[in-house]
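Reader: Please show me the model. I want to ask how each label is earned.

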Amino acid sequence: MSAKLRLALWVTSMVLLVSVMVLVFVLVINRHSLPEDPAAYLVDVVIDNANDVEYDRGKFEWNEMSVYKRGVYCSFYNTNGDLLLSADKEDMDFSGEPFIANKIRTVRSGDKEFYLYDYYVDMEVSGLWIRGVVLTDSHQGITDIILRLTIVILPVILIVTFLGALWISSRTFRPIEKIVATANSINDADDLTDRIALKKGPKEMKQLAGAFDRMFERLEKVFDAERQFTSDASHELRTPTAIILAECDRAKRKAETPEDYRESIDNISEQGKRMSALIDELLGITRLQQGTERYPLSKGDLSEFVTLSCEEFVPADDRGIRMETEIEPGIECSFNASLMSRVIYNLLQNAYKYGRDNGYVRLSLVKENNDAVIRVKDNGIGIKKEDLDKIWQRFWQADSSRGSEGGNGLGLAMVKEIAELHGGSVTAESTEGRGSEFIFRIPAVS
Ligand code: ADP
């Protein structure tokens, strides 16, 4: 049985239970309540009717008459005892009773006992008998009415409740069907870009769909990063692997002296080191992109951190380049220290690597529009205008032969990922032949 149907049935049975309880309660109250004497109001109702009788041109006017009032049933007879008007109540036919004016009698019909009261209205030309009957047990009448109403109303209430509950539950569950359909389509089509994107529906369902969408987004990111890692790794490792194999082959075929072997082993070892460094960097950047590894950000003095990092920085080859720093003190940021030192190292290392002999590298840190901004500027070879967009791509190098100098084209891609992880950005400005400036920006704590 579907959850919708189960819910609707449950609500309906609850309403039935409550209705039965209310009914029992009302009946019990009715039984124990103290009503006025039925005989007294029997007379009242009959006399009321008698006062309203009108006789016009040989006809009685019935408009004002009450055939039923407060449990009293009235019948009207002419002087011959012919029934003129009565309440339609089959089990209460007292036409056979003789008319005795103004006397309350007790009569029986079936297993019920009634008071009967006759009243004669004399209209001079004609006359009218009014006969009123009421149950001696006044509770019985009310109980009858309650039970009759219950038989009519309760089924309606139950049907409306059932249909209403079914409608609400199917509306509530509709988003779940959408979630299931999206999950299935993602699974079947292997397309992680699909989203539930629930616009309408109950708040809880929107939260559920939102949580699923965020999960799909994260899965997509992880899969993308993994796919890229696999493709990058297989592409980038092909060259060193080929070199290692060629070197082994050469050693096997041509090496004769221990020096020849040592030379081959040195070559192989160098390629092995490059591969290992490359895999490390690639894994680092992939983890950053996937968000699988936690890099907690903590609040700290970025000015102090940058000052220390610059002091500790040792360029691979300084070529007479001098470093100038200009650091605004007391800038507070939320940052991850190991990632931030990576940023400073990568930017400074590049500035030295692509800097001019005996030139300069300037690092500054300032607070601008509530951002902490690190600028690293050099007066080196610069970057071609058309290459400025490409420098952030993995493995992109203006001059790939420089790879042998230790670079692998992953440094700036890493810097970009780190900036994004901190909720910031990194940009570059450069003029070919005159130098470059890298601008790294993350939100400061105000
Ligand atoms: P790598 O330095 O290992 O080659 P990066 O990702 O750090 O890799 O840089 C990518 C490319 O961007 C470099 O190969 C270089 O061509 C260019 N580049 C980076 N920094 C500078 C700079 N300060 N001046 C000129 N070119 C740069």
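Author: Here are short answers about overall form, cores, surface and charge. Keep in mind that this is a predicted model.

Reader: What makes the protein more spread out than a compact globule?

Author: Set two values side by side. The radius of gyration is 49 Å, while the globule rule gives 22 Å for 446 residues. The value is well over the rule, so the protein is more spread out than a compact globule. The C-alpha trace spans about 150 × 55 × 40 Å along its principal axes.

Reader: What is its secondary structure?

Author: The protein has nine helices and 15 strands.

Reader: Why is a set of residues called a nonpolar core?

Author: Its members must be buried residues of listed kinds, such as Met and Phe, joined through side-chain atoms within 4.5 Å. The largest such core here has 50 residues. Met340 and Phe440 touch the most other members. Helix α8, residues 337-353, gives the most to this core, with eight residues. Another core lies apart from it and has 17 residues, including Val43 and Phe60.

Reader: Which residues are in contact with phenylalanine 440, leaving aside neighbours within four places in sequence?

Author: Contact means heavy atoms within 4.5 Å. Among the partners of phenylalanine 440 are Met340, Val343, Leu347, Ile374 and Ser425.

Reader: How much of the protein counts as buried?

Author: Buried means under 20% relative accessible area. Of the 446 residues, 36% count as buried. The accessible surface comes to about 26500 Å², and 54% of it belongs to carbon and sulfur atoms.

Reader: How many side chains are positive, and how many negative?

Author: There are 54 positive and 70 negative side chains. The centres of the two sets lie 4 Å apart.

Key
Residues numbered from 1 in each chain as written. Predicted model: local features only at pLDDT ≥ 70, side-chain atom pairs only at ≥ 80, totals over all residues. Heavy atoms only, no water. Buried < 20%, exposed > 50% of the residue type's maximum accessible area, 1.4 Å probe, protein only. Helix = DSSP H or I, 4+ residues; strand = E, 2+ residues; numbered from the N terminus. Rg over C-alpha atoms; globule rule 2.2 N^0.38 Å. Areas by Shrake-Rupley, 256 points an atom, 1.4 Å probe, with all protein chains shown as cover. Lys, Arg positive; Asp, Glu negative; His and termini not counted. Charge placed at Lys NZ, Arg CZ, Asp CG, Glu CD.
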